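Good morning, and thank you for coming. I should like to take a few minutes to walk through a structure that is new to this group. Please look at the display with me.

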Amino acid sequence: MKTSLSAAIMITVMISLSACSLPKNELAVKADPAPVIGTSPAKADPPKAIPPKVSPPPKVNKPPQPAAGGTDDIQAVADPESDTVLINKQHMLPEGYLPAELVYPNVKFTFNEKIEKRMLRKEAADALEDLFSAASKDGLPLAGVSAYRSHERQKTLFEAYVRKDGEKKARTYSAYPGTSEHETGLAIDVTGADGKCSATDCFAGTPEAKWLAKHAHEYGFIIRYPEGKDSITGYKYEPWHLRYVGLKPAADIYDQDITLEEYVSAIEVSGKVH
Ligand SMILES: [Zn+2]
């Protein structure tokens, strides 16, 4: 157990310095129970003290009950069901959030099992089927890699990383529970149908990546972490990570060449829904 957990984490650390944080060997990590962060004894290494967090001055609208430790700088969103809900390193889903109506989109994935990471919210799943079908017609069949990830699953992963590396380091490569877009049921990592370059940098520049950058908005999706926008999104370029936001928002974001952060903040300023 000790060895497999360490190995799984090592592999993950090496391959997934990204928003998606996809462990290749998920089962090894999953087998571990999920104690509260900061209280579990370190298994592989000498116990590492997690440094006490210095709290910034309280903000208005701060979540009344932050999740297990270290969320002082993260606000819980008020509209988790919205297509344009903004989830990032500063904005998290409410504790225990479960998306409504998760379904299995009828598209190819890089695996066959009917498991959680194959699911999306219904509207995103319908739109994804149209997108995949259009890509196929253009000679570029796609495959899903990873879609929905439950809060529990993200928590289990994150806590395993914290036990291994301490919270500060874990946060540099894994999303804090509640702050992964995959928990919304509106995000999916995709790749070419051959399964090469699954959620890795080599997907950039492929015909499939170019097709997605040009056409995803026609189906209500955006490339959530565009190139050169990491100072805004908090994540490096991820041409494979699609986020469903709905047709009109996706078209606006595409036309204006902006991020979801900028789109949401423009709406807040103007006070309009559209
Ligand atoms: Zn992703």
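Helix α4, residues 151–165, contains 15 residues. From its first C-alpha to its last it reaches 21 Å, close to the 21 Å expected at 1.5 Å a residue. I should say at once that this is a predicted model.

Is α4 mostly buried or exposed? Twelve of its 15 residues are buried, so the helix is largely enclosed by the rest of the structure. Among the buried residues are the charged-letter positions R153, K155, E159, R163 and K164, and the list also includes L157, F158, A160, Y161 and V162. After the helix comes G166, with a positive phi near 85°.

Let me turn to the strand that precedes this helix in the numbering, β5, at residues 142–146. Four of its five residues are buried, and therefore β5 too is largely enclosed by the rest of the structure. Its partner is strand β6, residues 187–192, and the two pair in the antiparallel sense over four bridges. One of these contacts can be named: L142 has G192 in β6 as its bridge partner.

β6 also pairs with strand β8, residues 238–244, again in the antiparallel sense, over three bridges. Here A187 is bridged to R243 in β8.

Which order do the strands of the sheet follow? The sheet is open, has four strands, and runs β5-β6-β8-β7 with antiparallel pairing. At the edges are β5 and β7, the latter at 221–225, and each of them pairs on one side only. On average, neighbouring strands of this sheet are turned by 45° against each other, direction ignored. Across β5, β6, β7 and β8 lies helix α3, residues 122–137, which runs at about 135° to β8.

That helix leads us to the interior. The largest nonpolar core has 54 residues, and the members touching the most others are L120, L128, L131, A216, F221, I222 and L242. α3 gives the most to this core, with seven residues. To take L120 as an example, and leaving aside neighbours within four places in sequence, its contacts include L102, V103, L128, Y148 and I188.

Two loop residues deserve a brief remark. Most residues other than glycine have a negative phi. E101, however, has a positive phi near 50°, and it lies in the loop between β2 and β3. E101 counts as exposed, because it has 11 C-beta neighbours inside 10 Å. D257 likewise has a positive phi, of about 55°, and is found in the loop between α8 and α9. With 9 C-beta neighbours inside 10 Å, D257 counts as exposed.

Now for the protein as a whole. Its secondary structure comes to nine helices and eight strands. Of its 274 residues, 40% count as buried. Among contacts between residues at least 6 apart in sequence, 65% join residues at least 24 apart.

Finally, a word on confidence. The mean pLDDT of the protein is 81, and 73% of the residues reach 70 or more. Over residues 1–17 the pLDDT stays under 50, and the model has 27 contacts beyond four places in sequence for them. Residues 23–69 are also below 50, with 61 contacts beyond near neighbours in sequence. Where pLDDT is low, the predicted coordinates should not be read in detail. Thank you for your attention.

Note on methods. Residues are numbered from 1 along each chain as its sequence is written. This is a predicted model: local features need pLDDT of at least 70, side-chain atom pairs count only at pLDDT 80 or more; totals for chains, interfaces and linings use all residues. A residue is buried if 20 or more other C-beta atoms lie within 10 Å of its own, exposed if 12 or fewer, and partly exposed in between; C-beta atoms are placed from the backbone. Two strands pair if DSSP finds at least two bridges between them. The expected span of a helix is 1.5 Å times one less than its number of residues. Axes are lines fitted to C-alpha atoms, for helices over the stretch in contact, and angles run from 0 to 180 degrees between N-to-C directions. Two residues are in contact if their C-beta atoms, placed from the backbone, lie within 7 Å. pLDDT is the predictor's confidence in each residue, from 0 to 100. A nonpolar core is a set of buried Ala, Val, Leu, Ile, Met, Phe, Trp, Tyr and Cys residues joined through C-beta atoms within 7 Å.
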